[in-house]
Amino acid sequence: MKGSYTVKVRNRRVTYTIELERNLTVICGDSATGKTTLINSIAFYEEFGDKSGVTIDSSKECHVLKGKNWYSDLVSFKDSFVFVDEGNDFLFTKEFASAISKTDNYYIFVTRENLYQLPYSAKSILELKKTTSRFKHTYNRTYPLYDHLEEIDDMSTGISAYLVEDSNSGFDLFSLIADRRGIKCISAHGKNRILSKLENLKKTKVVVVADGAAFGANMAGVYDYTLTHTTDVLLYLPESTEWLILSSGIIKDKEIDSILNSPADYIESEKYMSWEQYFTHLLKAKTQGTIAEYSKKHLNEYYTNNKNIEQIIKAIRGS
């Protein structure tokens, strides 16, 4: 499955609206915000259809996955929206993560817990936002994220370091940019270590750089840290290093432009668990056998010359 969708679930009391853009979506929020009612309404419709008093407006079938027979039920779901509540222990297992990979469904997880075994986007964490009517519940993005650092006039002003998620090509890229700014570039050696690294860098103004397309499980902890250190930490979460390079225009290709304008229309859930995986594949495919051939392990010299670095900096700034 690929594409963006709107799902509306109505019962006799309330209408829920969910916007889906990716194959993995998390609905979070406090108690009494309608999450359980949403799941129960879908399950009730599955069992009783029109007699349930529930109406579902969706271009795909909606299912609730639950219980001890979850695996056999999952196998029967095709090209569907599959909802899973946090009350199911299997949701937090590697077995479940493996089972849903390479399937053509979109998955919606209703949970306040972080799902570290799944590569979901920071942009795909939704929570209930207040509306003008208590009968309408709309789930919107939880975190205010930006694809660019356009709010910063000069990235070097007051900043002492970039804290980069990986130690591969992304680290190579931001090390070059840091050198041009006369600041440090530090590798966290994995997104799960970013928070602990931040705690060791107190009183240091830092830009955290991570692949937003797979940063969802780490977002709550890191974002909460930024709220208590508002003058010390900035988050820069592009989809991925590969997305950033593609967005810079260094690789001239009309298809790339079309894909960047509407990624959801191109990324098949059956092939890619995250957009980060897709953009890595795309950049490798578009540069294979050329002087710009891309490797995730180490940044090709093509990307390190002055002209291309300046192009990438412009993409980072959104200018």
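Which side chain meets Glu 239 in a salt bridge? The legends below take up this question and others in turn.

**Figure 1. Overview of the predicted model.** The structure shown is a predicted model, and its chain contains 10 helices and 13 strands. With 319 residues, a compact globule would be expected to have a radius of gyration near 20 Å, and the value for this chain is 21 Å, which agrees. The C-alpha trace spans about 65 × 45 × 35 Å along its principal axes, and 51% of the 319 residues count as buried. Of the contacts between residues at least 6 apart in sequence, 66% join residues at least 24 apart. The chain exposes about 15,500 Å², of which carbon and sulfur atoms supply 46%. Its side chains include 40 positive and 42 negative ones, and the centres of these two sets lie 2 Å apart.

**Figure 2. The salt bridge of Glu 239 and Lys 123.** The partner asked about at the start is Lys 123, whose side chain meets that of Glu 239 in a salt bridge with an N to O distance of 3.6 Å. Glu 239 lies in the loop between strand S13 (233-236) and helix H7 (241-247), while Lys 123 lies in the loop between strand S7 (106-110) and strand S8 (125-129), so the pair ties together parts that are 116 residues apart in sequence. Because its relative accessibility is 5%, Glu 239 counts as buried, and Lys 123, at 13%, counts as buried too.

**Figure 3. The salt bridge of Lys 2 and Glu 268.** A search of the whole structure finds 13 salt bridges, and one of them is formed by Lys 2 with Glu 268, with the closest N and O atoms 4.0 Å apart. Lys 2 belongs to the segment before strand S1 (5-10) and Glu 268 to the loop between helix H8 (254-261) and helix H9 (275-287), so this salt bridge ties together parts that are 266 residues apart in sequence. Lys 2 is partly exposed, with a relative accessible area of 37%, and Glu 268 also counts as partly exposed, at 25% relative accessibility.

**Figure 4. The salt bridge of Lys 296 and Glu 276, and a salt-bridge network.** In the salt bridge between Lys 296 and Glu 276, the closest N and O atoms are 2.7 Å apart. Lys 296 sits in the loop between H9 and helix H10 (306-317), whereas Glu 276 sits in helix H9, and the two residues, 20 apart, link distant parts of the chain. Lys 296 counts as partly exposed at 27% relative accessibility, while Glu 276 is buried, with a relative accessible area of 13%. In a separate view, Glu 21, Arg 22, Lys 123, Arg 141 and Glu 239 are joined into one network by salt bridges that share partners.

**Figure 5. Two residues with positive phi.** Most residues other than glycine have a negative phi. Lys 102, which is not glycine, has a positive phi near 65 degrees, and this residue lies in the loop between helix H3 (94-100) and S7. Lys 102 is exposed, with a relative accessible area of 56%. His 189, also a residue other than glycine, has a positive phi near 55 degrees and is found in the loop between strand S11 (184-187) and helix H5 (194-200). At 49% relative accessibility, His 189 counts as partly exposed, because the exposed class requires over 50%.

Notes:
Residues are numbered from 1 along each chain as its sequence is written. This is a predicted model: local features need pLDDT of at least 70, side-chain atom pairs count only at pLDDT 80 or more; totals for chains, interfaces and linings use all residues. Side-chain values use heavy atoms; hydrogens and water are left out. Helices (H or I, at least four residues) and strands (E, at least two) are DSSP runs, numbered from the N terminus. The radius of gyration is taken over C-alpha atoms; the globule rule is 2.2 Å times the number of residues to the power 0.38. Buried means under 20% relative accessible area, exposed over 50%, partly exposed in between (1.4 Å probe, protein chains only). Contact means heavy atoms within 4.5 Å. Accessible areas come from the Shrake-Rupley method with a 1.4 Å probe; for residues, only the protein chains shown count as cover. Lys and Arg count as positive and Asp and Glu as negative; His and the chain ends are not counted. The place of a charge is taken as NZ of Lys, CZ of Arg, CG of Asp or CD of Glu.
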